[in-house]
Amino acid sequence: MAELAPRGVLRVGDRIRFEGRHQQVIGLEGTALRLLSDEGDTNVMAAGYVMAAADFEVLGRGPEAVPERVLPPFASVDALPPQAVEKARLWEQHVVEVLTGLPPDAQEGMSPRPEYVPACGI
């Protein structure tokens, strides 16, 4: 079995199994994923739909996977006062953990804290 990434975290460059096919995430916009199948087909799918599939699995990070940071480098946070940027980064970490179960800087293989397990549905 392939090494699994946290179930709720996908990045451009990731290889996944979905609907019995191996595919690569080639784009992310909002909650939409652009997927490229091994056969060369492209699809745009809702991320929630893809990740809820029974056979969904993250197979691995491609060499072109984007870095771990969640806020894009072109975000205008750099124009804000340092205290505001610090607060934004703290909120970013918290929101990512609430949505995915793990903070953005989580070590590989780390498990979510019980109160942040996305599958519990609270």
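Helices are taken as DSSP runs of H or I covering at least four residues, and are numbered from the N terminus. In the predicted model examined here, the secondary structure of the protein consists of two helices and five strands. Along the sequence, these elements are arranged in the pattern β-β-β-β-α-β-α.

Of the 122 residues in the protein, 29% are buried. The exposed area of the protein is about 8,200 Å², with 59% of it supplied by carbon and sulfur atoms. Among contacts with a separation of 6 or more, 41% are accounted for by residues 24 or more positions apart.

One aromatic pair was identified. This pair is formed by F18 and Y49 in an edge-to-face arrangement, with 5.9 Å from centre to centre and 80° between the planes. Distant parts of the chain are linked by the pair, since F18 belongs to strand 1 (residues 14-18) and Y49 to helix 1 (residues 47-52), 31 residues apart. F18 has a relative accessible area of 2% and is therefore buried, the limit for this class being under 20%.

On the surface, W91, V95, V98 and L99 make a nonpolar patch of about 430 Å². W91 is located in helix 2, which spans residues 82-100. The relative accessibility of W91 is 57%, so this residue counts as exposed, the class being set at over 50%. Thus F18 of the aromatic pair is buried, whereas W91 of the nonpolar patch is exposed.

Technical notes
Residues are numbered from 1 along each chain as its sequence is written. This is a predicted model: local features need pLDDT of at least 70, side-chain atom pairs count only at pLDDT 80 or more; totals for chains, interfaces and linings use all residues. Side-chain values use heavy atoms; hydrogens and water are left out. Patches are made of residues with over 30% relative accessible area and no salt bridge: like charges are joined within 9 Å, nonpolar side chains (Val, Leu, Ile, Met, Phe, Trp, Tyr) within 5 Å. Accessible areas come from the Shrake-Rupley method with a 1.4 Å probe; for residues, only the protein chains shown count as cover. A salt bridge is a side-chain nitrogen of Lys or Arg within 4 Å of a carboxyl oxygen of Asp or Glu. Buried means under 20% relative accessible area, exposed over 50%, partly exposed in between (1.4 Å probe, protein chains only). Rings of Phe, Tyr and Trp (its six-membered ring) pair if their centres lie within 6.5 Å; planes under 30 degrees apart count as stacked, over 60 as edge-to-face and the rest as tilted. Contact means heavy atoms within 4.5 Å.
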